[in-house]
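Let's take a friendly walk through this model, starting inside and working outwards. Please keep the 3D view open as you read.

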Amino acid sequence: MSWVTIIWSMVGSACFTLAAIYFLVWYRNRAAWPHFLFAVTAASTTAYAFCELRVMLAQTPAEFLTAMRWVQLVSFFLFVSITWFVRIYLRAGRTWFAWTVTGLRTFYMLLSFLAGLNVNYRSVTSLPHVRFLGESVNAVGAGVRSYWTLFGHFAVFLILVFVVDASIMTWRRGDHRQARMIGGGVVFFFSAGLLTSSVAFWGIVQAPLLVSPWYLGLVVVMGYELSRDLLRASQLVRELQVSEAGLRESEARMTLAVEAGDLGIWVWDLVRGDIWATDSWRALFGFAESERLAFDDVLERLHPDDRELLQQAHAMAVAGSSGGRYQTEYRLILPDGRTRWIVSQGRVEFDATGRPLVMRGTSREVTARKLAEAETQRLQQEIAHAGRVSMMGQLASGLAHEINQPLAAILRNAEAAELFLQHPSPDLDELRAILVDIRHDDERAGQVIDRMRGLLKRQTLDARQLDVRALVGDVAALVRVDAATRRVKLDVDVSGDLPAVWGDRIHLQQVLLNLILNGMDSLSAAGRDDRRVSVTARFNGAQTVVIAVGDNGPGIPADTLARVFDPFYTTKPNGMGMGLAISRTIVEAHGGRLWAENASDGGAAFRFTVPIAREASAA
């Protein structure tokens, strides 16, 4: 047997052995597509070696052309398997580019093998011989060459471009070894094979077709990288076996911690859509222990008003917002009709390409806390209502005086109209003017009553867009008579270009009314003659409006300033100590802040912020 036959048979046998081994590996794990593609590459290299040996030992031009045609079929499987191996193993490269290369090679193979067209030769006139490894073998045949071969070279060149592009992506991702070994190996051996076959085919060098040894080098490089993966997986298995006892111990500790914290743990496989959950989580949501779960099943248990909120939180986490983490609260409707409040938090795990794989999280019941918060809010509303009633008691005399004025005017106008009507020819224009005055006085009295009714009304927070000038003006109108009775000058300075604010009119008026009355109380205790309370409103440029109530009284003692907002703390002889505490609660419920400070020129000032309306913010 000649050396050529021995060496090419060894090349084919080695590649076939690797193909068989990795095909069995893929058969045991059908998801390991790189192993299957490598098996196809190795098997194709085996077939290529035997076809190449047939080309070198052909006895007639017809045998030579038949062997060359089979080379094209084998090349199709070889080139396509390498292209998709690079795409899948490196997780890089442009998919459309890989399909383009596959399409071109398919077209080239169909021309050569099925259409009956020899893409290498139009005709072969002779088979020149050369000495190689001590024996005479065929050089590339002499004859009329087909220019379809250039199309085949172009397709191979595109494969090289695809591999270079994928290798660059892999390098930039940080996988330098894979970029060097797989990307660099494919480019080197492919380029060497293309160069060797081209110089022989086009007669630049009189030589046989010697491509198989280069493809053997490519198979060795690819097999070496896959073997490293197998060895690494085997090492991980051994490490997992060694640490199995430690894992069981860790699992027992985690279970104890979960039970102590009354938590339910869940894992959502975003690829397959399945949800795994602990027994405590299933009991919390009312699912059976063996029941298969999907996200839609969980969504069905939520209160209809909270489903969209949970979906938005999950969507933001999957999109990568906030590092893939999320936390949300929602209501759960159990099959028996009971309602539970749940707080859930978790995070999403992504693969190297940024694709979301798994979402893990915990859930726990906070129904007791929510009920306590609701009860606290109800009590705060009751106290706030009592505070409004108390303040209205202080304003009763002033309000009575303010209502008596329009009522007295209505009475006088009615008496005047009666006198006019007794005249034989009453002045109708004068009567119309009297009726207009009566209507205006009636409206003024109605506004006073409406303001009092609004402040006395018990209600929850009803936020809407408010005009600051009207908000302050209504309160100033309520206290102006009381201020005159106490000989206090009330100054109102509201900027004309303020944006609308977002809040509850009644609650904010209660805060403002309480601050103004406190200011007047401090002036009464001071015994000053020039008593003054000022109300200002300014836009601070930070999406809020600052409303301030200041006085020129004695100010707040330094040791008292930090305690004025404490519940039941008061400096008034008959005070309850709840006015400022309620006011701060109301302001914070609006997303604002209330604080006190002493003015540099004497007196004290209370300031609070109110957020501007959403429409104004967007403008």
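Setting aside neighbours within four places in sequence, Phe190 is in contact with Phe79, Ile82, Val156, Ile159, Leu160, Tyr215 and Leu218, where contact means heavy atoms within 4.5 Å. This is a predicted model, in which local features need pLDDT of at least 70, side-chain atom pairs count only at pLDDT 80 or more, and totals for chains, interfaces and linings use all residues. Residues are numbered from 1 along each chain as its sequence is written, and side-chain values use heavy atoms, with hydrogens and water left out.

Phe190 also appears, with Phe64, Phe85 and Val86, among the residues with the most contacts inside the largest nonpolar core, a set of 58 residues. Such a core is made of buried Ala, Val, Leu, Ile, Met, Phe, Trp, Tyr and Cys residues joined through side-chain atoms within 4.5 Å. Buried here means under 20% relative accessible area (exposed is over 50%, partly exposed in between; 1.4 Å probe, protein chains only). At least two core residues come from each of several elements, including helix H1 (3–28), helix H3 (61–89), strand E1 (121–126) and helix H6 (176–201). H3 gives the most, with 15 residues. Helices (H or I, at least four residues) and strands (E, at least two) are DSSP runs, numbered from the N terminus. A second, separate core has 43 residues, among them Val535, Val564, Val587 and Phe606.

Back in H1, the buried residues are Val4, Thr5, Trp8, Val11, Gly12, Cys15, Ala19, Tyr22 and Trp26.

Now to strand E5. Its residues 264–269 are buried, 6 of the 6, so the strand is largely enclosed by the rest of the structure. Gly264, Trp266 and Trp268 point one way, while Ile265, Val267 and Asp269 point the other. The table lists its pairings; two strands pair if DSSP finds at least two bridges between them.

| Partner of E5 | Sense | Bridges | One bridge pair |
|---|---|---|---|
| E10 (residues 356–365) | antiparallel | 6 bridges | Trp268 with Met359 |
| E6 (residues 274–277) | antiparallel | 3 bridges | Trp266 with Ala277 |

E5 and E6 form a hairpin with 4 residues between them, and Gly273 in the turn has a positive phi of about 90°.

Finally, the whole protein. There are 19 helices and 17 strands, and buried residues make up 43% of the 619 residues. Of the contacts between residues at least 6 apart in sequence, 67% join residues at least 24 apart.
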